[in-house]
Amino acid sequence: MSKAPTHCQDGDDGTWHAVGSTWINSKCMRCDCTECCSTYMEPRSFPDDCVSKFDSKACKYRVFKKNDPSVECPIFAAVGK
């Protein structure tokens, strides 16, 4: 008789985690031992004078004015999470 596994390995990071735990990997995915899913929403609609950029440290998109990155823009529609 074999023992049930106590840990699983993240396929992207190669890190080991206890069965039943959850974690966020280096690709900003929330994982457990069976699957991973996105932790962020991706902006799809925002003003034309704005741009979206993914912040991999914060695991989220920022939407800001093309000519002034200090000015945030509204997001009208997004997908994910």
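The following exchange goes through some of the terms applied to this structure and the values behind them.

Me: What kind of model is this, and how are its residues numbered?
Reply: This is a predicted model, in which local features need pLDDT of at least 70 and side-chain atom pairs count only at pLDDT 80 or more, while totals for chains, interfaces and linings use all residues. Residues are numbered from 1 along each chain as its sequence is written, and side-chain values use heavy atoms, with hydrogens and water left out.

Me: What makes β7 and β8 a strand pair?
Reply: Strands are DSSP runs of E with at least two residues, and helices are runs of H or I with at least four, numbered from the N terminus. Two strands pair if DSSP finds at least two bridges between them. Strand β7 (residues 50–55) and strand β8 (residues 60–65) are joined by six bridges and run antiparallel, so they meet that definition. Within this pair, C50 stands opposite K65 in β8.

Me: Why is C59 called buried or exposed?
Reply: Buried means under 20% relative accessible area, exposed means over 50%, and partly exposed lies in between, with a 1.4 Å probe and protein chains only. C59 has a relative accessibility of 17%, and therefore counts as buried. C59 is found in the loop between β7 and β8, and although C59 is not a glycine, its phi is positive, at about 60°.

Me: Why does C28 count as buried?
Reply: C28 counts as buried because its relative accessibility is 1%. C28 lies in the loop between β3 (23–24) and β4 (29–31), and its phi, near 60°, is a positive value in a residue other than glycine.

Me: What makes β3 and β5 edge strands of their sheet?
Reply: The sheet is open and has three strands in the order β3-β4-β5, with antiparallel pairing. β3 and β5 (36–38) each have a single partner strand, so one side of each is left without a neighbour in the sheet. β3 and β4 pair over two bridges, and in β4 the bridge partner of I24 is R30.

Me: How do you know which type of ring pair Y40 and F54 form?
Reply: Rings of Phe, Tyr and Trp (its six-membered ring) pair if their centres lie within 6.5 Å, and planes under 30 degrees apart count as stacked, over 60 as edge-to-face and the rest as tilted. By this rule the count comes to three aromatic pairs. The ring centres of Y40 and F54 are 4.7 Å apart and their planes stand at 55°, so the pair is tilted.
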